[in-house]
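Here is a short note for a colleague who is opening this structure for the first time. The points below are meant to be read with the structure in view.

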Amino acid sequence: MEYAVIAVLAVVGIVAVNSIAPRVGVAAPLVLVAAGVAVSFIPGVPHIDINPEVILAGVLPPLLYSAAVSVPTMEFRRNFSAISGMSVLLVIVGSVLMGFFFWWVIPDISLPIAIALGAIVSPTDAVATNIIKRLGVSPRVVTVLEGESMLNDASALVLLRSAIAAAAVSVTVIQVAFDFAKSVIFAVAIGALVGYIGLRVRKKISNAAASTAISFVLPFVAFVPAEALDASGLVAAVTAGLVTSALSAKYLSPQDRISQTTNWRTVELLLEGAIFSLMGLELIGIVESVEERHGSVWFAVGLGGIALVLVLAIRSLYVFMVLVLERRRARKADASRSELEDFASLAGEIDDDRKKRHFAKRVEKRVADVDYLTDSRLGRREGVVLVWAGMRGALTLAASQTLPADTPARSTLVLIAFVVAAGSLLIQGGTLPWLVRKLGLVSDTTAADDAEESGLLDELSDTASKVLEDPELRRPDGTPYDERAVRWLRVALVRERGEEDRESRPVYGAQINELRLKVIAEQREYLMEARAVGAHSTDALRHALRVLDSDQISAELRNDHD
């Protein structure tokens, strides 16, 4: 009964904070952390000691899977060099540098344990993307931060595991590098397979609720075998989510995708809220443990503050390198325009129509990539946001508690990690909206977005016209459609979308519904090709897909009614 009351109060509190915080201009996770800290100091509140495996194996896989499902795969591909560098190379370099610092200032700990602590404070948290998404920051910055926060968790945990193993047994750098590469490769293979099989299975299920229920277990289906093979279960969960994101429009019905999106957002809300609340609630137990063993917490608090400054300094240097490389990449892309134009002219020399279309799409895709790199450059202002938005969070605290029980000064190391995580969330997270506004990065692109969305809908209308004007257009049984049905649908598609004249709807409604679904299928295929090429933004493509989903659901309901 007591646990039921606690659960109800927790859910009500999480929902209340997420409802009120945006109205006062504060990120909900920051409020939850602060509330947890405040509650932890109330006399009589029991100490909270969460098994880190609950976070690492029970909470992070679904959260990272959910983030991967919603990530724009087109932008993820275009920014993969920056994302992979910040989620792997920055984690490794930062962990080693911080490890030497901790080894120097903390007595009685070995270098491998110090590097393990460096790996603990290195990964960033996805909370930053939730803050800046609402501020209108460049989608490219959001994509880089989102991709980094998904992948660097796994990089840090693999490095942490290797460092702890090195503390117990003598291993070489080559062995650590081999284990790291094997862990990632196996995890990617397992995650991709799980994601693809999951989509194939869900395609055969007509019940949207049942399909969503299957999606709830997919992150664990990817996580468990990967961990059993000493690979990264989190990388496997992320990969499964990315595969699902890329192929869901092809394999899943509109009802499945709508149900999946709504239910996963609910899961994210509750899990993230629980994590940040628990971070605050654990503080008093950590403080008392340090005081009991070392007499004072100020040494650990001071080191945590210095560590936070150092990780930001290391991140600043690395982001500067990323900006230099991305600027050079953009210049090369801009210079390649004339070459691409010459390359495109070669399409006329190809006789095979299929090969010609494939060649033209490759050129169009490359041109779209060039436009993306030159139109959404990463400048100094964006670099400042990339640095300051690199906040530490729940993973840092959960990972710190995986340190072996016999680790020297373990409670001090855990408190250092907590100070870095909580300080990062409260200081950086609390000032990030102000910083973004100060840099002038808050932009209102509504007019441009509306124009692009309108243009894409016009392209879909052209696709519909081509389907209806096809002389080979036939019903499933091979008979031709009644010309009046084709004409009626052609007129209906020209009108305001969804504003059909039901009173004048003819008796051949079944043919109209068949035609409408056929048109929608062709339009969705056009959208998938447009996404592969990258000629439109992800927001415009998602808007157009929502319109098609609404049309399809309407047509299917009408079929059931007829």
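**Notes on salt bridges, helix packing and backbone**

1. Asp-549 and Arg-257 are joined through their side chains by a salt bridge, at 2.7 Å from N to O. This pair ties together distant parts of the chain, since Asp-549 belongs to helix 23 (residues 538–561) and Arg-257 to helix 12 (residues 254–281), with their positions 292 residues apart. Both Asp-549 and Arg-257 are buried. Please keep in mind throughout that the model is predicted.

2. A salt bridge also connects the side chains of Glu-514 and Arg-475, again with a distance of 2.7 Å, N to O. Here Glu-514 sits in helix 22 (residues 509–533), while Arg-475 lies in the loop between helix 20 (446–468) and helix 21 (483–494), and the two are 39 residues apart. Glu-514 counts as partly exposed at 25% relative accessibility, and Arg-475 counts as partly exposed at 21%.

3. Helix 22 and helix 23 are linked by a salt bridge between Arg-516 in helix 22 and Asp-551 in helix 23, which are 35 residues apart. The N to O distance for this pair is 4.0 Å. Arg-516 has a relative accessible area of 8% and is therefore buried, and Asp-551, at 12%, counts as buried too.

4. Salt bridges with shared partners bring Arg-140, Glu-326 and Arg-329 into one network. How many salt bridges does the structure hold? The total is 8.

5. Turning to packing, helix 5 (residues 80–105) and helix 14 (residues 298–335) meet at an angle of about 145 degrees, and their axes are 10 Å apart. The crossing of helix 5 past helix 14 is right-handed, and the contact comprises 19 nonpolar, 3 polar and 3 charged residues.

6. On the surface, a nonpolar patch is formed by Ile-92, Val-96, Phe-100 and Trp-103, which together have about 340 Å² of accessible area. Ile-92 is located in helix 5, and its relative accessible area of 31% makes this residue partly exposed.

7. Two backbone positions deserve a look, given that most residues other than glycine have a negative phi. Asp-108, although not a glycine, has a positive phi of about 70 degrees; Asp-108 is found in the loop between helix 5 and helix 6 (111–120) and counts as exposed at 69% relative accessibility. Ala-409 has a positive phi near 55 degrees, lies in the loop between helix 18 (394–400) and helix 19 (410–438), and is partly exposed at 22% relative accessibility.

Key:
Residues numbered from 1 in each chain as written. Predicted model: local features only at pLDDT ≥ 70, side-chain atom pairs only at ≥ 80, totals over all residues. Heavy atoms only, no water. Axes fitted to C-alpha atoms, helices over the stretch in contact; angles between N-to-C directions. Helix = DSSP H or I, 4+ residues; strand = E, 2+ residues; numbered from the N terminus. Left-handed = near helix turned anticlockwise from the far one by under 90°. Nonpolar A, V, L, I, M, F, W, Y, C, P; charged D, E, K, R; others polar. Patch = residues over 30% accessible without salt bridge, like charges linked within 9 Å, V, L, I, M, F, W, Y side chains within 5 Å. Areas by Shrake-Rupley, 256 points an atom, 1.4 Å probe, with all protein chains shown as cover. Buried < 20%, exposed > 50% of the residue type's maximum accessible area, 1.4 Å probe, protein only.
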